[in-house]
Amino acid sequence: MAKRYNPNKCKINRNYSISEIALLYDVHKNTVKTWLRRGLKRIDNQRPYIILGRDLKQFIKDLRGINKRPCELGEIYCMRCRTPRKPEQGTTTFDTETTRYGRIKASCNVCNSAMNRYFRLSDLEVLQRHFAVILPLQQKRIG
Ligand SMILES: [Zn+2]
């Protein structure tokens, strides 16, 4: 489960060191270093690194946005792209997993990785309208 960080914890008019950010968000210093690699801006390459409060705040907001971003109708979360993607046309299939749940399988239209999404069978009709669907035989009998 991804942690939820509060962007309002940091002050935009302050500067922060890696240790201060680690303390503020109760994370390990290595987590902050990972954030730097993932796009958190620092003012320059001089150690100790200094991060502007307003950059930190924006980064935390973005981080939450990424974790929170839901799939639109017709999208499936791609693990490789780490974002919701539309399936490549003609790759989407619906399978039944249990009497109540099914699974959509498709390929990402950007990186071509396999994508999966579970859904309630009661939502099947709505979902089918949003995906270009090839029904497997098994599914046709339920319909
Ligand atoms: Zn992808």
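**A salt-bridged sheet and a zinc site**

K105 is partly exposed, with a relative accessible area of 33%; here buried means under 20% relative accessible area, exposed over 50%, and partly exposed in between, computed with a 1.4 Å probe on the protein chains only. The model is predicted, so that local features need pLDDT of at least 70 and side-chain atom pairs count only at pLDDT 80 or more, whereas totals for chains, interfaces and linings use all residues. Residues are numbered from 1 along each chain as its sequence is written, and side-chain values use heavy atoms, with hydrogens and water left out.

The side chain of K105 leads directly to D95, with which K105 forms a salt bridge whose closest N and O atoms are 3.3 Å apart; the term stands for a side-chain nitrogen of Lys or Arg within 4 Å of a carboxyl oxygen of Asp or Glu. This pair links distant parts of the chain, since D95 belongs to strand 5 and K105 to strand 6, 10 residues apart. In contrast to the partly exposed K105, D95 is buried, with a relative accessible area of 16%. Across the whole structure, a search finds three salt bridges. Another of them joins the side chains of R103 and E97 at 3.1 Å, N to O, and E97 counts as partly exposed at 38% relative accessibility. In the remaining pair, the side chains of R14 and E20 meet at 3.3 Å, N to O; R14 is partly exposed with a relative accessible area of 37%, and E20 also counts as partly exposed, at 34%.

The strands that hold D95 and K105 are part of an open sheet, in which three strands stand in the order 5-6-7 with antiparallel pairing. Strand 5 (93–96) and strand 7 (114–120) lie at the edges, and because each has a single partner strand, one side of each is left without a neighbour in the sheet. Strands in general pair through backbone hydrogen bonds, either parallel or antiparallel; two strands count as paired here if DSSP finds at least two bridges between them. Four bridges join strand 5 to strand 6, while strand 6 (residues 101–107) and strand 7 pair over seven bridges. I104 can be followed across the sheet: in strand 6 it is the bridge partner of F94, and I104 also stands opposite R117 in strand 7. As for the connections, a hairpin of four residues joins strand 5 to strand 6, and the hairpin of strand 6 and strand 7 has six residues between the strands, among which N112 takes a positive phi near 75 degrees.

A zinc ion is held by four cysteine sulfur atoms, C78 (SG), C81 (SG), C108 (SG) and C111 (SG), which lie 2.2 to 2.3 Å from the ion; donors are N, O and S atoms within 2.8 Å of the metal (3.2 Å for Na, K and Ca), and water is not among the atoms, so sites may look incomplete. Along the chain, the donors follow the spacing C-x2-C-x26-C-x2-C. The angles among the four donor atoms run from 102 to 114 degrees, and the site is tetrahedral, a label given to four donors if all angles lie between 85 and 135 degrees. For comparison, the ideal angle for four tetrahedral donors is 109.5 degrees. Among the donor residues, C78 counts as buried at 1% relative accessibility, whereas C81 counts as partly exposed at 21%.

Elsewhere in the chain, helix 2 (residues 29–37) has V32, W35 and L36 as its buried residues. They cover an arc of only 100 degrees around the axis, which puts them on the same side of helix 2; the arc is that of the directions from the helix axis to the C-beta atoms. Just after helix 2, G39 takes a positive phi of about 125 degrees.

Taken as a whole, the protein has five helices and seven strands, where helices (H or I, at least four residues) and strands (E, at least two) are DSSP runs numbered from the N terminus. Read along the sequence, these elements follow the pattern β-α-α-β-α-β-β-β-β-β-α-α. Of the 143 residues of the protein, 34% count as buried.

Definitions and conventions
Tetrahedral: all angles 85-135°; square planar, octahedral: opposite > 155°, others 65-115°.
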